[in-house]
Amino acid sequence: MGIVNIEDELHEQLRRASKASYRSINGQAAFWIRIGMLSELNPGLTFQELVARELKEAGVDAPDLAATTSA
């Protein structure tokens, strides 16, 4: 475990986003870091595709809303 130094404005945005997402500040930072890393490793995937893939790998059985709303 380590300490990461970030700009004050980014920390403020992180604090605000954590409230909106119902995550701790550390949890929000970890989420942003993970999504950023996955985005760099998978540039052809959208944010929604990355999140859906992560949820599926975690065993979350989420319905495919695109399939149900396109009728």
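A helix axis here is a line fitted to C-alpha atoms over the stretch in contact, and angles run from 0 to 180 degrees between N-to-C directions. With that in hand, here are some notes on this predicted model.

1. **Overall layout.** The protein chain has four helices and zero strands, so the pattern along the sequence reads α-α-α-α. Of its 71 residues, 11% count as buried. Two helix pairs, one pocket and a few individual residues are taken up below.

2. **H1 against H2.** Helix H1 covers residues 8-21 and helix H2 covers residues 25-41. Their axes come within 8 Å and cross at roughly 100 degrees. Because angles of 65 to 115 degrees count as roughly perpendicular, H1 is described as roughly perpendicular to H2. On the H1 side, the contact is made by Leu10, His11, Gln13, Leu14, Arg15, Ala17, Ser18 and Ser21. H2 brings Ile25, Gln28, Ala29 and Trp32 to this contact. Sorted by class, the residues of the contact of H1 with H2 are six nonpolar, five polar and one charged.

3. **Gln28, part of that contact.** Is Gln28 buried or exposed? Gln28, which is found in helix H2, has a relative accessible area of 2%. Since buried means under 20%, Gln28 is buried. Leaving aside neighbours within four places in sequence, Gln28 is in contact with Leu14, Ala17, Ser18, Ser21 and Arg23. Leu14, Ala17, Ser18 and Ser21 are also listed for H1 in its contact with H2.

4. **The turn from H1 to H2.** Tyr22 sits in the loop between these two helices, and deserves a look for its backbone. Most residues other than glycine have a negative phi. Tyr22 is not a glycine, yet its phi is positive, at about 55 degrees. As for its surroundings, Tyr22 has 78% relative accessibility and therefore counts as exposed, the cut-off being over 50%.

5. **The largest pocket.** Its volume is about 400 Å³. Which residues are closest to its centre? Among the 14 that line the pocket, they are Val4, Leu14, Asn26, Ala29 and Ile33. H1 and H2 are the elements that give two or more residues to the lining. H2 gives the most, with six residues. By class, the lining has 11 nonpolar, three polar and no charged residues. Leu14 and Ala29 also belong to the contact of H1 with H2, which ties this point back to point 2.

6. **H2 against H3.** Helix H3 covers residues 47-57. The axes of H2 and H3 come within 11 Å and cross at roughly 110 degrees, which makes H2 roughly perpendicular to H3. Phe31, Arg34, Ile35, Leu38 and Ser39 are the H2 residues in this contact. From H3 come Phe47, Leu50, Val51, Arg53 and Glu54. Their classes are six nonpolar, one polar and three charged.

7. **Glu54, a charged residue to inspect.** Charged residues include Glu by the classes used here, and Glu54 is found in helix H3. What is its relative accessible area? The value for Glu54 is 18%, and because the cut-off for buried is under 20%, Glu54 counts as buried. Setting aside neighbours within four places in sequence, Glu54 is in contact with Arg34 and Leu38. Arg34 and Leu38 both appear among the H2 residues that make the contact with H3.

8. **The turn from H2 to H3.** Leu45 lies in the loop between these helices. With a relative accessible area of 33%, Leu45 is partly exposed. Which residues does Leu45 touch, not counting those up to four places away in sequence? Leu45 touches Leu50 and Arg53, and Leu50 and Arg53 are also listed on the H3 side of the contact with H2.

Notes: Residues numbered from 1 in each chain as written. Predicted model: local features only at pLDDT ≥ 70, side-chain atom pairs only at ≥ 80, totals over all residues. Heavy atoms only, no water. Buried < 20%, exposed > 50% of the residue type's maximum accessible area, 1.4 Å probe, protein only. Parallel < 35°, antiparallel > 145°, perpendicular 65-115°, else oblique. Contact = heavy atoms within 4.5 Å. 1 Å grid on protein atoms, 1.4 Å probe; cavity = no way out; pocket = protein on both sides within 12 Å on 5 of 7 lines; lining within 4 Å. Points joined across faces, edges and corners; volume = space filled by probe spheres on them.
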